[in-house]
Amino acid sequence: MNAENGHRKLISQDQVSAGTEGWHRDAFNDIAARLTSRDFPCIFSRNAFRKRILKFVFVEDLTESGIRHLAEGLTEYVDISEEWDGNLDTSYPLIVAFSPEVLEDRHSVAEYHAFGWEVLQKLHEVDPAPWPEEVGKDPESSTWSMCFNGIPLFCNMSNPGHRARRSRNLGRHFTLVINPRERFDIFAGDTTSGRNVRSNIRNRVERYDGLPHSWQLGTYGSESLEWQQYGLLEENAERTDKCPFRFRGP
């Protein structure tokens with residue numbers, strides 16, 4: 001790994017493209033292969049990659065130092081996100097990629113999702129800011145969203161366990177694709193244009209995956225639960241599991 005990049009937390013796409021080695025390079029190449037495909041269904045991610053505005057954090061392990069590294073990178077991301085000008089061309093997603101060594105004993109979608117929730121719980125435990133008052137604290141609430149440093153986030157858990165649901169597989173590494181919640185509300189919210197955007201993406205997902213889109217996909221604040229959309233089931237089925245996330249305070 002490039003020594004200069006090794007001391008950074010939040011890294012730009014250009015920096016990753018020019019200066020990463022080892023598993024960081026492997027993860028980036030896998031992601032690039034997906035996001036340069038015309039068939040990949042998420043038009044927002046493809047647009048961000050084409051414009052070279054993705055942000056990255058690479059996480060080596062889930063030790064205290066590994067979580068601190070991730071938390072510092074996520075804090076940097078939230079800080080710059082708060083200055084967003086509302087333009088689609090500056091709505092940079094964050095991709096958090098994890099070392100294959102920390103996941104070598106996990107192979108199924110369920111095992112990868114359990115890892116993802118472990119990461120989000122550990123982030124919550126070190127969150128430096130209060131939970132936003134307007135956001136539910138219980139994942140079974142329609143107003144719940146993962147929050148960090150005072151901002152609601154949407155966290156897409158993509159992993160190599162997905163074989164059928166290819167749209168949630170960005171290569172050989174477990175990745176969290178993170179966006180501020182408000183960007184979904186602006187571009188794909190419950191408006192005429194937002195519903196059209198969601199319909200278009202879900203049609204593209206069905207063509208890419210070769211199966212109907214997940215039954216759990218919905219809109220924030222509706223009857224659908226946000227946590228179920230972070231990690232999608234491989235098959236279309238009713239959810240009977242409970243979210244492992246636990247709010248740390250009263």
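This is a chat about the fold of a predicted model.

Colleague: How many helices and strands are in the chain?

Modeller: The chain has nine helices and six strands. Keep in mind that the model is predicted.

Colleague: And what share of the residues is buried?

Modeller: Of the 250 residues, 53% count as buried. As for contacts with a separation of 6 or more, 65% of them come from residues 24 or more positions apart.

Colleague: OK, the sheet. What's the strand order?

Modeller: The order is 1-2-3-6-5-4, in an open sheet of six strands with mixed pairing.

Colleague: Which strands are at the edges?

Modeller: Strand 1 (11-12) and strand 4 (146-148), each of which pairs on one side only.

Colleague: How do strand 3 and strand 6 pair, parallel or antiparallel?

Modeller: Antiparallel: strand 3 (residues 94-98) and strand 6 share four bridges. If you want a spot to look at, Ile95 has Val177 in strand 6 as its bridge partner.

Colleague: What does helix 5 touch on the sheet?

Modeller: Helix 5 packs against strand 2 (55-59), strand 3, strand 4, strand 5 and strand 6, and its direction makes about 170° with that of strand 2. Helix 6 lies across strand 3, strand 4, strand 5 and strand 6, and runs at about 155° to strand 5.

Colleague: Back to helix 5: which of its residues are buried?

Modeller: The buried ones include Gly66, His69, Gly73, Tyr77, Val78 and Ser81. Ile67, Leu70, Ala71 and Leu74 are also buried.

Colleague: What about its length, how far apart are the end C-alpha atoms?

Modeller: They are 25 Å apart in helix 5; at 1.5 Å a residue, its 18 residues should span 26 Å, so the two agree.

Colleague: At what angle do helix 5 and helix 6 cross?

Modeller: The axes of helix 5 (residues 64-81) and helix 6 (residues 109-125) cross at roughly 75° and come within 10 Å. The two helices are therefore roughly perpendicular to each other.

Colleague: Which residues make that contact?

Modeller: From helix 5, Ile67, Leu70, Ala71 and Leu74; from helix 6, Val119, Lys122 and Leu123. By class, the contact has six nonpolar, no polar and one charged residues.

Colleague: Different topic: where is Ser167 found?

Modeller: Ser167 is in the loop between strand 5 (151-158) and strand 6 (175-180).

Colleague: Is Ser167 buried or exposed?

Modeller: Buried, because its relative accessible area is 14%, under the 20% cut-off.

Colleague: And what is Ser167 in contact with?

Modeller: Leaving aside neighbours within four places in sequence, Ser167 is in contact with Phe40, Pro41, Val205, Tyr208 and Asp209.

Technical notes: Residues numbered from 1 in each chain as written. Predicted model: local features only at pLDDT ≥ 70, side-chain atom pairs only at ≥ 80, totals over all residues. Heavy atoms only, no water. Axes fitted to C-alpha atoms, helices over the stretch in contact; angles between N-to-C directions. Parallel < 35°, antiparallel > 145°, perpendicular 65-115°, else oblique. Contact = heavy atoms within 4.5 Å. Nonpolar A, V, L, I, M, F, W, Y, C, P; charged D, E, K, R; others polar. Buried < 20%, exposed > 50% of the residue type's maximum accessible area, 1.4 Å probe, protein only. Pairing = 2+ DSSP bridges. Expected span 1.5 Å × (residues − 1).
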